[in-house]
Every structure is written in structure tokens, then in C-alpha cells.
Amino acid sequence: MRRRDALLLATLAAMRPARGIATPVAAAPFAMVEVAPGIHVRQGVHEEATVENQDGIANIGFVIGSASVAVLDPGGSRADGERLRASIRERTDLPIRYVVLTHMHPDHVFGAVAFAADKPAFVGHARMAGMLVQRGEFYRNSLADVLGIEEAGDYAKPDLLVEGTMTLDLGARSLRVQAHPTAHTDNDLSILDEATGTLWLGDLLFVDRVPALDGSILGWLAQTKALRSSPATRAVPGHGPVAVPWPAAALPQERYLGGLVRDIRAIISHGGDIEQAVATVGLAERDHWMLFDDYNGRNVTSAFKELEWE
Amino acid sequence: MGVGRREAGRDNGVEHMRAIVAALGLTLCLVVPAWAEEDAEVRATRWVDLKHAVFGDREVTDGSGVIALDAPVRALDAALVPVTISLSAGGGAGPGRVKAVWLVVDGNPSPLAGTFKFGPAADPRSLKTRIRVDQYTSVHAVAETEDGHLYASERYVKAAGGCSAPSTKDPQVAMSRLGQMRLRLDGEAPLHDGEAATAHLLISHPNNNGMQVDQVSHLFVPPRYIQDVTVRYGDALVLSVDADISLSEDPVITFGFVPQGPGPMRVDVLDSTQARFHQDFSLASERS
């Protein structure tokens with residue numbers, strides 16, 4: 001992008017309020033799964049964004065308290081967000097007080113437009129807004145290429161920023177939101193519902209679908225290890241089943257990421273280069289993951305760049 | 001260390017050419033959305049214009065058999081696209097020896113990514129680096145032989161957004177190791193006097209091109225990128241590079257060299273803020 005264009009777009013992005021008014025008149029609710037009392041999850045499909053799936057590819061959902069509702073990721077597009085909102089209204093008329101954005105990726109947050117009229121607090125990692133300034137326009141254009149500009153939706157600028165931890169009170173239950181150091185991205189949040197022992201991990205945890213590295217591979221492994229000591233017994237991954245046993249479900253991801261680190265370090269120490277790594281590393285994992293060929297090479301590239309400077 | 005611009009093979013002509021190429025690229029780029037795929041005719045016209053801007057009226061012939069450019073057709077990361085330039089006739093002495101290579105990313109805001117000049121201690125048979133790619137584009141590598149002929153090789157790369165991609169996941173870490181270098185030898189065979197070897201040079205530098213946004217201030221980070229890299233083995237020049245904003249963050253250059261004597265390998269870097277970085281690598285002891 002040319003600098004002048006970029007400047008203009010950044011200015012527009014900064015000036016523009018979250019676009020669109022949510023009018024989910026005809027939006028059909030999802031079949032939600034209640035993984036623990038009051039915690040409802042919609043499972044995403046293991047695909048890339050298409051017109052058919054409306055970028056509903058991530059696990060998204062909500063938590064209902066006695067006084068209000070918190071959305072945990074508003075979905076991957078306007079339609080995805082509108083259907084999630086309809087799913088909430090099917091169950092409760094309580095106000096939607098929080099929309100938590102687990103990280104910046106479009107498949108998790110572009111449904112935010114559907115909640116603008118509820119005037120919730122958009123909860124995000126302290127570093128998320130900066131990343132959206134850099135990447136938001138690119139994400140919007142990329143998704144608009146697939147869905148069209150109106151259907152793509154838009155992110156909302158987080159206005160309740162998390163550094164360290166923060167507690168969200170929904171009435172008779174509270175969610176503990178934790179901001180993590182760079183892992184899957186540089187702006188990952190996890191959300192713990194202490195009452196039910198449920199840990200909402202966003203893309204800090206991938207199950208079945210191959211993990212996508214956009215932060216730090218060593219950081220991701222370290223955060224996964226730290227999260228193992230969470231009191232939770234159940235986790236909701238960003239991609240995969242609606243709920244998995246915790247921490248046992250961390251194993252395949254740790255094996256995959258750990259294998260990349262081990263094999264890339266070996267290539268570096270034997271005088272190899274990034275092309276060699278891309279051609280060979282991780283391939284033993286190929287049969288264990290969906291969309292493996294779409295992401296493994298990219299993961300290896302990113303990890304190599306990090307590890308060559310260890 | 002005092003590596004002057006003249007020593008590194010730069011003169012005003014090069015500066016001037018760089019400005020022209022940058023201006024031309026900017027003009028051409030503005031009419032095309034970054035994510036659009038152009039047709040072959042537009043790309044061909046652009047290359048004709050660029051070729052003229054860089055080489056004037058000199059003839060640039062098809063480089064089949066002399067130079068081959070390899071890059072992934074679909075890039076895994078637009079901000080880090082590895083390119084390999086193989087120069088089959090590059091080694092040895094004589095009129096066919098390659099003395100310089102130009103790398104042009106046609107669709108980038110500043111298309112001339114780098115000019116690589118081989119010195120007497122080079123083994124000019126292959127060259128690798130990593131580039132940013134802003135939009136689907138042709139990439140050209142042009143080799144100049146000692147007898148003054150120019151040979152071109154072309155690849156089409158599908159990647160977009162690499163120029164404005166966020167510079168790094170952790171800016172503090174990047175600045176704390178600014179200018180640090182590493183040199184890794186390719187493979188594990190020991191070095192021998194007079195026998196060609198390959199080295200990977202890593203330079204830690206954000207190589208900001210003025211299109212990244214600071215995450216805290218939300219303002220554009222001023223451009224700061226590597227301009228000159230000079231590599232010597234002992235006193236003999238291996239490689240001098242005139243670089244530009246299209247090299248990836250933390251640039252990596254892989255090149256061949258022919259060691260004579262104990263070295264060391266000396267690397268001098270000058271960036272666009274006139275900051276200088278220098279490092280010596282004692283390769284003989286690393287391998288013993």
C-alpha cells in the first residue's frame with residue numbers, strides 16, 4: 001500500500017465509528033451448544049471464509065449472567081454476528097454489556113458490527129487497537145473480496161482495554177479476562193469462568209484445525225504451558241470441538257508447535273536455510289490436522305524467522 | 001571503519017536512478033489497488049518502463065541459461081518472500097563472469113529492491129535474499145557480465161500487503177538488537193583456502209519503509225532501512241549491496257565466497273539514518 005493511501009485509510013478508520021446499525025430482523029439463530037450452565041458455543045466449520053459459510057469458521061458464543069450477557073467473540077462477518085445476536089435473544093432479553101474480542105483476527109471479530117446498537121463495552125487486549133490500525137484495512141478488504149463489502153462486517157475498536165487481568169461482572173457470575181504476552185498473536189485474551197471451571201481460549205488453543213502462528217512460537221508454547229495450571233477442567237478452543245478436557249486437549253498443539261521448534265533449530269544448527277525448512281519441517285504432522293497444507297509452510301516461515309535470532 | 005560510499009561502489013548516478021525508479025513505481029502503483037491482479041499486458045508495459053529507468057537504452061536479453069530467478073508462486077508471507085538467483089555461468093574468471101545483479105520487484109512502491117555487486121572474493125553463482133511484496137507482481141533479476149551484457153530472468157509472485165505489513169511482533173526487542181549481525185555458513189563442511197563456500201548473513205534491522213504504523217502512537221513509523229552492505233574477506237571485497245525498502249525486516253543475504261587466508265569476514269552496514277554497524281566474523285575458528 002502506498003504511504004499516502006495508507007495514511008488516508010488510517011485516518012478514515014480512526015474517524016469512523018463502528019459501521020452499520022444492527023438490524024437482525026431476519027437473522028436465523030444458530031444451534032448453540034451449552035457446554036456449561038449459561039455458556040453457549042457455536043462451533044465454526046474447518047474451512048476458509050466463503051460466501052456459503054459467511055466466515056463462520058471460528059468458535060464463538062456468549063455467557064449469560066443474572067444481570068447481563070457477555071459475547072465471547074462476535075463472529076466472522078456481519079451475518080455471523082447477527083445470527084449470534086439472534087441466538088442470544090432467543091434465550092434472554094438481558095442487556096449485552098460486554099463483547100470480548102479474544103484477538104484481532106477477522107474470523108473472530110468482524111461480527112462486532114452486529115452488536116454496535118447494544119452499545120456494549122468492546123473488551124480487547126491493550127495491544128489490539130494498534131494492530132487493527134496496521135491491519136484492519138487489509139483484513140476488511142480481504143474479507144470483502146470474498147463476501148462483498150456490506151456482508152464482510154467490520155471490527156469494533158476495543159474500548160475496554162485489558163493489561164494483566166480484568167474481571168467482568170455479569171451478575172451472580174464473573175469472568176476473569178487475562179491479557180497474554182505474545183503467543184498466537186500479540187493480543188490474545190483468555191477468559192476464565194471460575195464458577196463452572198471453563199476456560200475460553202480463543203485461538204490460544206486449536207484442536208483438529210492446524211494452529212496458525214501469527215505471534216511467537218516460543219511465546220505460544222510458554223503461554224500454553226502456563227495455562228495448564230489454570231483451575232479449569234474444560235476449555236473452549238478457538239477452532240475445534242465446542243468443549244474439550246483441559247489441560248489434556250493442549251497436547252496435540254504442543255506436540256505440533258514443539259516439533260516445529262525442534263526441527264527448525266536442527267536445520268539452523270546444521271547450516272540450512274528457510275526454504276529447506278519450509279520444504280521439510282512439520283510434514284509428519286500432516287495427517288493429524290485439517291487445512292494443514294494451507295498453514296504449515298506459513299507457520300514454518302514465521303517460526304524460522306523467530307528462531308534464527310535466538 | 002570508514003566504509004565510504006565511493007568504496008561501496010555508489011555514486012550520484014545510482015542515487016539519481018534510485019529516485020527515478022522510486023518515483024516511477026509510485027506513479028504506476030497508485031492506479032492499481034494493492035489486491036488486484038493485473039493482466040499480462042500491464043505487467044509487460046511496466047517492466048519496459050522500469051527497465052528503461054534502470055538500464056537506459058542498454059539491451060537486456062533473455063537470461064535463460066545464464067540467470068534463473070526462483071521464488072514461490074504463492075508467497076507464504078508477503079513480508080518475507082524468499083528469492084533465489086542462480087547464476088549458472090557466474091563462476092570463474094573471464095568475460096562471462098557475473099559482476100552485478102539487480103533485483104526488481106515491479107509492483108512495489110520502490111521497485112528496485114537491491115543492486116548486488118560481486119568483488120574478487122565472491123563466488124557469484126548464487127544469491128538469496130528475502131523481500132517484501134506489496135501486490136501480485138512480476139519480479140525480475142538482471143545479471144551483468146564482465147563483458148557488459150545484461151541478462152534478465154522473470155518470476156510472477158502472488159503475494160500482497162507485504163510492504164505495509166506490521167514490522168514486527170515486538171518492537172522493543174527489535175530495537176534492542178538493532179544492527180546486530182549473525183553469519184552462518186551453509187552446510188557443515190570445513191572451510192578451505194580457495195574453495196567456494198556459502199554464507200547466510202543476518203542483519204537485525206526493522207527496515208521500516210515508512211508504511212508501518214506504530215502500535216502505541218498510531219502514527220507512521222519514519223522510514224529507516226538498510227542502504228549499503230559491504231562484505232569483505234580479509235581485505236578482498238566479496239559483495240557490496242545497494243539496498244532499498246523492499247528487503248524484508250531483519251534482512252538476510254545468502255552469497256558465495258572464496259576464502260583466502262584467515263579472514264575475518266568483515267561486514268559493514270549503513271542505514272538510511274546514516275547509522276553504521278560493523279561486525280567481524282572469524283570463520284576459520286568457528287569451523288575448527
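User: In this predicted model, in which loop of chain A does Pro95(A) lie?

Analyst: The two flanking elements are a helix and a strand of chain A, with residues 78–89 and 96–100. Pro95(A) therefore lies in the loop between α2 and β5 of chain A.

User: Is Pro95(A) buried or exposed?

Analyst: The count to use is that of C-beta atoms inside 10 Å, and a residue with 12 or fewer is exposed. Pro95(A) has 12 such neighbours, so the residue counts as exposed.

User: Which residues is Pro95(A) in contact with, leaving aside its neighbours within four places in sequence?

Analyst: Pro95(A) and Ala67(A) are 28 residues apart in sequence, with their C-alpha atoms 7.6 Å apart. Contact is judged on C-beta atoms, with a limit of 7 Å. On that basis the partners of Pro95(A) are Ser68(A) and Val69(A).

User: Which are the edge strands of the open sheet in chain A?

Analyst: The sheet has six strands in the order β8-β9-β10-β11-β12-β13, with mixed pairing. An edge strand here pairs on one side only. β9(A) pairs antiparallel with β8(A) over five bridges and with β10(A) over five bridges. The edge strands of chain A are β8 and β13.

User: What is the bridge partner of Gln178(A) in β10(A)?

Analyst: Gln178(A) is in β9(A), where Gln178(A) stands opposite Thr165(A). β9(A) also pairs with β10(A), residues 189–193, in the antiparallel sense. In β10(A) the partner is Ser190(A).

User: Which residue in the hairpin of β8(A) and β9(A) takes a positive phi?

Analyst: The hairpin has four residues between the strands. The phi in question is near 85°, and the residue is Gly171(A).

Conventions:
Residues are numbered from 1 along each chain as its sequence is written. Chains are lettered from A and ligands numbered from 1 in the order in which they are written. This is a predicted model: local features need pLDDT of at least 70, side-chain atom pairs count only at pLDDT 80 or more; totals for chains, interfaces and linings use all residues. Two strands pair if DSSP finds at least two bridges between them. A residue is buried if 20 or more other C-beta atoms lie within 10 Å of its own, exposed if 12 or fewer, and partly exposed in between; C-beta atoms are placed from the backbone. Two residues are in contact if their C-beta atoms, placed from the backbone, lie within 7 Å.
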